[in-house]
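Subject: Structure handover

Hello,

Here is the structure I said I would pass on. Please open it alongside this note.

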Amino acid sequence: MQVYRGLPLLTAQPTAAEQGNIPHYLFDYVELGDAYSVGRWQSDVKEAIAALAAQGRPAIIAGGTGLYFKALTEGLVDIPDITHEIRTQIRADMDTKGAEAMHQQLAVCDPELAARLPQGDRQRIARGLEVYAMTGRPLSHWQSEQTTPILTEAARQICLMPDRQWLYARCDQRFEAMIDAGVMAEVERVLQAGRPVGSAAKILGLEELIAVHEGQMAMQDAVSQAKMMTRRYAKRQMTWFRNQMMSWNMYSEQEYYNNFDKIVHFISKNG
């Protein structure tokens, strides 16, 4: 979400001071109305890494979206972009027919994928139907044709895995700090250009703060709900990391602070 323009506070983008000390790339450069995907990000990050390599400089890739790291280290399915018309139609069908009926439809065109997905998984069911409608080929077929990963085994992989309660407290503190920093003014400026759609509409806290702006929710209730959604997202992230990044060098929050010098030395030594 940090790629989008206009919401630096809500998406916790690096500050001007941070970017002044260390060059940052792929932040605040995509319009909120633009469709964005892991495939586009992979292409963008490949160019950024190549530019740094030409300068003899290493890249540090930081973030929390597990799928994006998976694409970097394991490759990505090179599926054509889904048109707005197809995506809109599939999502409308999902709303009118329901997830169970759409799952049955998926079982006809992509039985392998349907067998892996629960009937209530609206997002992945819709994705499977979109890909088939766009390409005429099942998503499960595309998934068997992974591309070559951008990062090689030489890349050093570090995952910070803090204590869950410590992380939840940080999530709450972060949202309170954004409110104090004037995030409502940021949301109001964005709404002047129109309500964000697509991926940008899923920015944590945005829906609740828009409801406050429109008088549909009290600020106290919005903050409470947004904090809860943020903690739930953090929990899903941690589950992904444990299941998908078992081979990474993992450090707890306490281990990170106790071994900070060692971690910096590890990164410096190995580029």
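Below is what was found, starting with the whole chain and ending with one helix pair.

Please keep in mind that this is a predicted model.

Overall make-up and size

The protein contains 14 helices and two strands. Its C-alpha trace extends about 55 × 50 × 35 Å along the principal axes. The radius of gyration is 20 Å, which agrees with the value near 18 Å for a compact globule of 271 residues.

Burial, surface and contacts

Of the 271 residues, 32% are buried. The accessible surface is about 16300 Å², and carbon and sulfur atoms supply 52% of that area. Among contacts with a separation of 6 or more, 69% are between residues 24 or more positions apart.

One helix pair

Two helices can be described in detail: α11, covering residues 206-213, and α12, covering residues 219-244. They pack at an angle of about 175°, and their axes lie 9 Å apart. Because angles over 145 degrees count as roughly antiparallel, α11 is roughly antiparallel to α12.

Which residues make the contact between α11 and α12? From α11 come Glu208, Leu209 and Val212. On the α12 side they meet Met219, Ala222, Gln225, Ala226 and Met229. By type, the residues of this contact are six nonpolar, one polar and one charged. The charged one is Glu208 and the polar one is Gln225.

If you look at one place in the model, the contact of α11 with α12 can be found from the residues named above.

Regards

Note on methods
Residues numbered from 1 in each chain as written. Predicted model: local features only at pLDDT ≥ 70, side-chain atom pairs only at ≥ 80, totals over all residues. Heavy atoms only, no water. Axes fitted to C-alpha atoms, helices over the stretch in contact; angles between N-to-C directions. Helix = DSSP H or I, 4+ residues; strand = E, 2+ residues; numbered from the N terminus. Parallel < 35°, antiparallel > 145°, perpendicular 65-115°, else oblique. Contact = heavy atoms within 4.5 Å. Rg over C-alpha atoms; globule rule 2.2 N^0.38 Å. Buried < 20%, exposed > 50% of the residue type's maximum accessible area, 1.4 Å probe, protein only. Areas by Shrake-Rupley, 256 points an atom, 1.4 Å probe, with all protein chains shown as cover.
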